[in-house]
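Hi,

Here is the structure I promised to pass on. Have a look at it first, and then read my notes underneath.

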Amino acid sequence: MARATSSAPSQRMLRIAEQVRAAITQVLQRGEVRDSLIEKTVISISEVRMSTDLRHATAYVTPLGVKDHDAVIEALNRNAKFIRGRLGPHLRQMKYMPDVRFLDDTSFDNYKKIDELLRSPEVARDLAADDGEDDK
């Protein structure tokens with residue numbers, strides 16, 4: 001009997017991804033990574049996505065208070081092997097320690113654009129016009 005395939009992540013993938021996110025956060029908070037750019041930057045890890053075989057983790061990060069996100073992302077990827085080694089104690093149940101790569105999280109920029117669109121005068125005018133028609 002063939003198994004149904006789905007593009008949605010399994011419960012196990014989601015659970016492991018959250019554990020990896022928490023472990024990376026702890027490593028960064030403790031200042032274990034000896035990189036001056038990473039040490040002086042507050043980094044928010046919004047999400048981690050795991051591959052289906054759980055061997056690769058993609059961490060979506062947002063450096064806070066920094067204009068040049070690319071430099072911070074590059075520094076994190078340069079130290080990815082060290083961070084992977086520091087994840088071991090946090091992820092003892094894993095058969096293989098996942099390779100970690102870091103990408104810039106642009107979802108906050110998307111939310112900001114949507115918020116600006118919703119607050120624009122054109123949308124406010126259209127909403128006011130819709131409210132007037134509902135009263136009739």
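Below is what turned up, starting with confidence and then going through the pocket and a few single residues.

First, the ground rules. This is a predicted model, so local features need pLDDT of at least 70 and side-chain atom pairs count only at pLDDT 80 or more, while totals for chains, interfaces and linings use all residues. Residues are numbered from 1 along each chain as its sequence is written, and side-chain values use heavy atoms, with hydrogens and water left out.

On confidence: pLDDT is the predictor's own score for each residue, from 0 to 100. The chain has a mean of 87, with 90% of its residues at 70 or more. Among the elements, strand E3 (residues 99-104) has the highest mean, 96, and helix H6 (residues 121-135) the lowest, 72. Helices (H or I, at least four residues) and strands (E, at least two) are DSSP runs, numbered from the N terminus.

Now the pocket. A pocket here is an open set of points on a 1 Å grid over the protein atoms alone, where a 1.4 Å probe fits, with protein on both sides within 12 Å along at least five of seven lines; lining residues have an atom within 4 Å of a point. The largest one has a volume of about 160 Å³, counted as the space filled by probe spheres set on the points, which are joined across faces, edges and corners. Its lining consists of Pro9, Met13, Leu14, Ala17, Glu18, Arg21, Ser46, Glu47, Val48, Arg49 and Met50. Helix H1 (11-29) and strand E1 (42-50) are the elements that give two or more residues to that lining. By class there are six nonpolar, one polar and four charged residues (Ala, Val, Leu, Ile, Met, Phe, Trp, Tyr, Cys and Pro are nonpolar; Asp, Glu, Lys and Arg are charged; the others, Gly among them, are polar).

For burial, I used under 20% relative accessible area for buried, over 50% for exposed and partly exposed in between (1.4 Å probe, protein chains only). Leu54, in the loop between E1 and strand E2 (56-64), counts as buried because its relative accessibility is 7%. Leu54 also has a positive phi of about 65 degrees, although it is not a glycine. Most residues other than glycine have a negative phi.

Asp105 sits in the loop between E3 and H5 and is buried too, at 10%. Its C-alpha is 4.9 Å from that of Tyr60, 45 residues away along the chain.

In helix H5 (residues 107-118) you'll find Leu118, which is exposed at 55%. Lys113, also in helix H5, is exposed at 53%. Lys113 and Glu18 are 27 Å apart, C-alpha to C-alpha.

Cheers
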